[in-house]
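Q: I'm new to this one, so please pick a single part and walk me through it slowly. Explain the terms as you go.

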Amino acid sequence: MTVIYNDTCPICAREVQGYKRIAARHGLEIGFRGLSEGDLSAYGLTRRDAARRFHVEAEGRVHDGVDAFALVWERMPGFHWLARLVRLPGVHRAAELLYDHVAAPALFALHRRRVARGTAVRRG
């Protein structure tokens, strides 16, 4: 599994740093790839795609949004319950709506502002 994320976003980078610590502590085979780390075309993604949404490549397929988070959470000790919760039909739909229409667009707007100001730099 490889987590593909916007490493120039302070919020995203902080969250993924937590995942990295857990993965290292428990010897989990999870890779992490920030959008600033070069070409993402092997995943079928552009830098813009990676900045817009959270992605995970698992078993040859790229997942995004809530489904990508659930894949990470199901492998993280202490987060299994969260993966199960967001997969419940009503909860999944609500989580998708919040992520797709509130969180992801807001974080991407902040990213575009950091890019315009020249402050979109790798964090963590």
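A: What follows is a close look at helix 1 and the residues around it. Bear in mind that this is a predicted model, where local features need pLDDT of at least 70, side-chain atom pairs count only at pLDDT 80 or more, and totals for chains, interfaces and linings use all residues. Residues are numbered from 1 along each chain as its sequence is written, and side-chain values use heavy atoms, with hydrogens and water left out.

Helix 1 covers residues 10–26; helices (H or I, at least four residues) and strands (E, at least two) are DSSP runs, numbered from the N terminus. With 17 residues at 1.5 Å each, helix 1 should span 24 Å, and its end C-alpha atoms sit 25 Å apart, which agrees. (The expected span is 1.5 Å times one less than the number of residues.) Right after helix 1, G27 has a positive phi of about 65°.

Now for the side that's tucked away: C12, A13, V16, G18, Y19, I22 and A23 are buried. Buried means under 20% relative accessible area, exposed over 50%, partly exposed in between (1.4 Å probe, protein chains only). These buried residues pack against strand 1 (2–5), strand 2 (31–34), helix 3 and helix 5, where contact means heavy atoms within 4.5 Å.

Let's zoom in on Y19, whose relative accessible area is 4%. Its ring pairs with that of F79: the centres are 6.3 Å apart and the planes at 85°, so the pair is edge-to-face. Rings of Phe, Tyr and Trp (its six-membered ring) pair if their centres lie within 6.5 Å; planes under 30 degrees apart count as stacked, over 60 as edge-to-face and the rest as tilted. F79 sits in the loop between helix 3 (65–75) and helix 4 (80–87), 60 residues away from Y19. F79 is partly exposed, at 25%.
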